[in-house]
Amino acid sequence: MFAERALLPFLWSAPSTPHRGDDMQPRRQHGTADLRKAPRKAREASNRFGEEALRLENQQLQELNRDLELRLASRTTQLAATNRTKDELLARERKAREDAEMSNLVKSDFLALLSHEFRTPLQAVFGYTELLDADIHGTLNESQRLYVHRIKQSQQHLLGLINTILEFAKLESGQQIEVTLRHTPMHEILQFMESLVAPQLEARGLGYAYRSVDESIAAYADVTKVQQIILNLLSNAIKFTKPGGSITLECAREPEMVVLHVHDTGCGIPADQLDAVFEPFVQLKTGGIVSSGTGLGLSISRRLAQAMGGSLSAVSEVDKGSTFTLRLQSANALT
């Protein structure tokens, strides 16, 4: 009992051993402070990363913008140069066209004047040959009469050439072709075409045929212009057909159109030169034959056809022959 009382003060005054939980308390409080600081650091790091990414992106956009500005400036310069070149070319083309128009006008005026001056003495020659042929100043013998006839034929040939040149000059000067369109029976015109070219056919030893599918076919056309076109086509066919060949004139009908064909068994025209025959002053040498005309007949004929609302075209095969086709408005289609 005494011993127990003696030990009590010792036991009571002995320092108490800290509890495990009490020892860990300050550490637990220190770790919580670190965790509170961690999100703020993460946010700061994230903000720094975002700012750096934004800076890089802005830098790339600036570089891209500079590149686009350089490209735009280069393209603008190229376009400006192209526009200047285009303007220069247009100005040259306009000047060349004006020069060509002036040249054509001068040429047409010159041809008209020259042709007029030629026609006057030719008419005088024709008058004197008529007097001689009429035996007014005495009877001609056979040789003299033959010579007079040859003079008349040459005079008519030259007069025909001059009239062609005059008509071409009129067209080139920009004057409208005057046509009188009316109901025109084709058979009445075509059946007499042989008589107009009979001397040429006989001189060349050529055969001739005229065919019409229907003699009642009528076109809405100018009678004189149709005769002129067909005569030009027949004359050309005769020139380029060798002796022993043949010429055929045909009249047919298409929907709303009257179609006239002039076939020949001549030397033909190469395919690459077919369009050129309708150009002014073009004279092709095919099969060793050169036309003695002006090279204006087909050009004028096509313009006359167009003035009547029609067309003139051609197909050909070398050494086989050619076919020229005149299409005119049908009179029946307009009624």
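This is a guided tour of a predicted model, going from the whole chain to a few selections.

**Whole chain**

Start with the entire protein chain in cartoon view. Its secondary structure comes to seven helices and nine strands. Of its 335 residues, 27% count as buried. Switch to a surface view: the chain exposes about 22400 Å², and carbon and sulfur atoms supply 56% of that area. Among contacts between residues at least 6 apart in sequence, 72% join residues at least 24 apart. The structure also holds eleven salt bridges, some of which are stops on this tour.

**Helix α2: the patch at Leu-61**

Select Leu-61, which lies in helix α2, residues 20-133. Add Leu-64 and Leu-68 to the selection. Together with Leu-61 they form a nonpolar patch on the surface, with about 280 Å² of accessible area among the three.

An α-helix has 3.6 residues a turn, so residues three or four places apart point the same way.

**Helix α2: Arg-97 and Glu-93**

Next, show the side chains of Arg-97 and Glu-93. Side chains of opposite charge can pair when their charged atoms come close. Here the two residues form a salt bridge, and the closest N and O atoms are 2.4 Å apart. Because they are four residues apart in helix α2, about one helical turn separates them. Are the two buried, partly exposed or exposed? Arg-97 has a relative accessibility of 37%, so it counts as partly exposed. Glu-93, at 39%, counts as partly exposed too.

**Where α2 meets α3**

Move along helix α2 to Thr-129. This residue is buried, with a relative accessible area of 5%. Which residues does Thr-129 touch, leaving aside those up to four places away in sequence? They are Val-148, Ile-151 and Lys-152.

Keep Lys-152 selected and add Glu-130. Their side chains meet in a salt bridge, at 2.8 Å from N to O. Lys-152 lies in helix α3 (residues 142-172) and Glu-130 in helix α2, so this pair ties together parts that are 22 residues apart in sequence. Glu-130 is partly exposed, with a relative accessible area of 32%. Lys-152 has a relative accessibility of 17%, and therefore counts as buried.

Now add Asp-133. The side chain of Lys-152 also meets that of Asp-133 in a salt bridge, at 3.5 Å from N to O. This pair again links distant parts of the chain: Lys-152 is in helix α3 and Asp-133 in helix α2, 19 residues apart. Asp-133 counts as partly exposed, at 22% relative accessibility. To see the wider arrangement, select Glu-130, Asp-133, Asp-135, Arg-145 and Lys-152 together; salt bridges that share partners join these five into one network.

**Helix α5: two sides**

Go to helix α5, residues 193-204. At 1.5 Å a residue, its twelve residues should span 16 Å, and its end C-alpha atoms are 17 Å apart, which agrees.

Colour Met-193, Val-197 and Leu-201, which are buried in α5. Look down the helix axis: the buried residues fall within an arc of 70 degrees, so they line one face of the helix. What covers them? The cover includes α4 (186-190), β2 (207-212), α6 (223-239) and β4 (246-254). Turn to the other side of α5 and pick out Ser-195, Pro-199, Glu-202 and Ala-203, which are exposed.

Just past the helix, select Gly-205. This glycine follows α5 and has a positive phi, near 65 degrees.

**The loop after β2**

The last stop is Glu-215, found in the loop between β2 and β3 (218-221). Its relative accessibility is 54%, so Glu-215 counts as exposed. Draw a distance from its C-alpha atom to that of Gln-191: the two atoms are separated by 9.9 Å, although the residues are 24 apart along the chain.

Terms used. Residues numbered from 1 in each chain as written. Predicted model: local features only at pLDDT ≥ 70, side-chain atom pairs only at ≥ 80, totals over all residues. Heavy atoms only, no water. Patch = residues over 30% accessible without salt bridge, like charges linked within 9 Å, V, L, I, M, F, W, Y side chains within 5 Å. Areas by Shrake-Rupley, 256 points an atom, 1.4 Å probe, with all protein chains shown as cover. Salt bridge = Lys/Arg side-chain N within 4 Å of Asp/Glu carboxyl O. Helix = DSSP H or I, 4+ residues; strand = E, 2+ residues; numbered from the N terminus. Expected span 1.5 Å × (residues − 1). Buried < 20%, exposed > 50% of the residue type's maximum accessible area, 1.4 Å probe, protein only. Arc of directions from axis to C-beta. Contact = heavy atoms within 4.5 Å.
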